[in-house]
Amino acid sequence: MNFNSHTFSIPVMGLGYTIDTPVKVGHLGISSVISLVDDILIEKMREFYSKKFDIPYQNISSKVEDSRAKRITAYLNMVDKLVHDKYEEMINNFHKKESELEKYFDLLPNSTQIREKFNHLVENTKNTNLKEVKNWLRSNLAPGKIDVNIMTKLDKANVSTEGEQLPAEYNDAHAALRGFANSNLCSSLVLSAGMNPRLYSYLENFSDFYPDAGGKLRKKIILKVSDFRSAMVQGRFLAKKGIWVSEFRIESGLNCGGHAFATHGHLLGPILNEFKEKRQELLDATFKVLQSGLKDKGLPELQQAPDMKITAQGGVGTNEEHQLLLDEYQLDSVGWGSPFMLVPEACHIDSESLELLRAADEQDLYLSKASPLGVHFNNVRGASQQKAIQNYLKDGKPGFPCTKRYLVFNTEFTDKPICTASKRYLRKKFNEIELSAHSEEEKQTLKDKLTEKECLCEGLTNSTYLANGLDTDSKRTGVSICPGPNIAYFKQLVSLKEMVDHIYGKINLLKGVKRPNLFIKELGMYVDYLENNLKEAQAEEDKKQVNYFKKFRENLQEGIQYYHQFFKDYENKLHEMKENVFSELEHYNARLENIKF
């Protein structure tokens with residue numbers, strides 16, 4: 001273990017929940033990810049922090065050409081400055097008691113070794129040579145990375161102020177990419193939600209994504225993937241363009257926060273095992289293509305492959321699980337998301353939503369169809385955005401006004417895409433249902449499914465506005481929250497140090513809490529998903545989907561066999577994770593056997 005750096009990171013959460021997390025924790029060496037979806041919120045946060053830290057601010061109006069990219073660049077540059085200013089202040093004030101440097105040391109996995117080296121250096125350095133101490137600190141204690149996230153499919157085309165459609169480079173995801181590429185950051189772009197060939201090709205326009213002669217990268221690419229095949233296909237696709245993937249981030253298909261992209265029944269353990277077994281194959285195959293890609297562009301080939309990390313996230317909740325993933329699957333780090341929503345020092349959330357999360361139990365957290373994208377969405381019951389839906393239904397006015405338009409995809413009734421949570425779409429869809437031959441009961445069921453959709457553009461940012469006392473252009477303050485199911489077991493607000501100590505096993509925030517391990521929890525979610533979706537496919541007599549779920553079940557059964565052997569091999573090493581595990585595996589296997597096709 002590298003005692004100088006952390007083995008966890010804080011992934012992107014929602015559109016606003018980690019929008020300023022780097023400002024809070026970056027100088028302490030903790031890496032986190034900012035969402036680049038909402039440039040309106042990003043501009044508001046730039047104004048907020050400019051006032052807070054007395055930084056000159058000039059508004060970037062939405063009417064300015066390329067305003068989306070410019071807003072993102074300006075905000076990222078400001079965050080970069082704030083983090084590095086706080087870091088330098090920490091270095092310069094290292095000699096003060098209760099300094100930020102003490103916090104930095106205390107948060108490390110095992111601070112004893114690095115602290116002893118530091119104290120030895122200070123004791124043997126004359127006061128007149130403080131510069132040597134500061135240089136040592138800069139060499140050994142780095143600030144956390146300020147990474148950014150783009151959901152590749154959120155790439156809406158835009159129009160000019162005159163109403164003319166703009167070229168593809170002004171699409172939402174393209175503009176966000178350009179905003180990051182033009183920033184001062186030396187960090188990573190996390191690309192999630194699948195492959196977007198046109199967006200990937202757009203990376204070729206920015207020199208920061210290409211390695212220098214020594215293989216160093218100013219800006220790196222992280223691909224969030226669901227399986228090994230996807231990593232190989234996407235990694236080679238980018239390598240052919242001379243673009244190296246520095247990290248493949250594997251996320252649980254269902255046991256995660258926000259949008260849940262179910263795999264074909266492939267479970268996290270077997271997926272991670274395949275990456276471990278084929279890691280060198282992935283590196284060699286991708287590097288071979290990279291060399292050809294660089295040569296085709298007239299760029300120098302490299303002496304050796306740049307670093308390629310393999311990481312994972314989704315449902316991790318204990319030190320035992322954290323360490324197992326690092327050791328057994330040889331991961332470089334592990335993402336801890338939802339538990340940090342209960343750490344005000346890392347994520348600033350409005351008080352009502354914070355209490356809802358703290359009090360949420362297993363039955364309050366569910367896989368919903370709330371997303372207008374048509375993708376399953378991990379949700380919590382009782383969020384204020386859901387109350388807003390009930391209020392508009394009482395008024396007989398279903399749907400939300402669509403103002404931000406980040407999630408417009410549907411062209412069922414219109415030439416230009418609209419959002420399935422919008423008033424406009426629901427009016428047309430309700431009218432279609434009323435004219436159909438369905439029974440009244442069937443009509444109501446169809447309407448209920450439609451009105452489950454939430455306005456995530458506002459819902460996933462309103463908490464940030466409320467928590468920071470910011471004005472919005474909207475009177476609607478409903479909050480959508482998208483925690484992973486794992487948050488049900490965390491019941492208290494804690495300090496940053498307490499959560500980090502929990503991750504590293506110095507304390508146990510879940511002592512006495514009955515909780516399935518991350519592998520069993522994910523398995524249970526997949527079995528529920530299969531049963532529920534198969535019923536729908538059978539009711540609709542969708543033979544193609546029914547056949548798909550046959551293979552889905554086979555993959556789950558293979559996963560159960562893997563876990564039987566895995567837990568048998570680890571029986572003497574595990575304590576919390578092995579509790580009831582074999583009976584749970586038998587329980588889920590029996591449920592799968594009882595499914596009728």
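**Exercise 1.** In this predicted model, determine whether tyrosine 526 is buried or exposed.

*Solution.* Tyrosine 526 has a relative accessible area of 0%. Buried means under 20%, so tyrosine 526 is buried.

**Exercise 2.** Describe the aromatic pair formed by tyrosine 526 and phenylalanine 552, and state which helices hold the two residues.

*Solution.* Begin with the geometry: the ring centres lie 5.9 Å apart, with 40° between the planes. Planes under 30 degrees apart count as stacked and over 60 as edge-to-face; the pair is therefore tilted. Next, locate the residues. Tyrosine 526 belongs to helix α18 (residues 518–539) and phenylalanine 552 to helix α19 (residues 543–569), so the pair ties together parts that are 26 residues apart in sequence. Finally, phenylalanine 552 is buried, its relative accessible area being 0%.

**Exercise 3.** Establish the strand order of the open sheet of eight strands and identify its edges.

*Solution.* The order is β1-β9-β8-β6-β5-β4-β3-β2, and the pairing is parallel. At the edges stand β1 (8–9) and β2 (32–35); each has a single partner strand, so one side of each lacks a neighbour in the sheet. Within the sheet, β4 (residues 188–192) and β5 (residues 220–225) pair over four bridges, and leucine 191 stands opposite leucine 223 in β5. Helix α9 (residues 228–239) lies across β5 and β6 (245–251), at about 155° to β5.

**Exercise 4.** Give the order and pairing sense of the open sheet of three strands.

*Solution.* The strands follow the order β7-β11-β10 with antiparallel pairing. The edge strands are β7 (259–260) and β10 (365–368), each pairing on one side only. Two bridges join β7 to β11 (residues 376–380), and alanine 260 stands opposite histidine 376 in β11.

Conventions. Residues are numbered from 1 along each chain as its sequence is written. This is a predicted model: local features need pLDDT of at least 70, side-chain atom pairs count only at pLDDT 80 or more; totals for chains, interfaces and linings use all residues. Side-chain values use heavy atoms; hydrogens and water are left out. Two strands pair if DSSP finds at least two bridges between them. Contact means heavy atoms within 4.5 Å. Axes are lines fitted to C-alpha atoms, for helices over the stretch in contact, and angles run from 0 to 180 degrees between N-to-C directions. Rings of Phe, Tyr and Trp (its six-membered ring) pair if their centres lie within 6.5 Å; planes under 30 degrees apart count as stacked, over 60 as edge-to-face and the rest as tilted. Buried means under 20% relative accessible area, exposed over 50%, partly exposed in between (1.4 Å probe, protein chains only).
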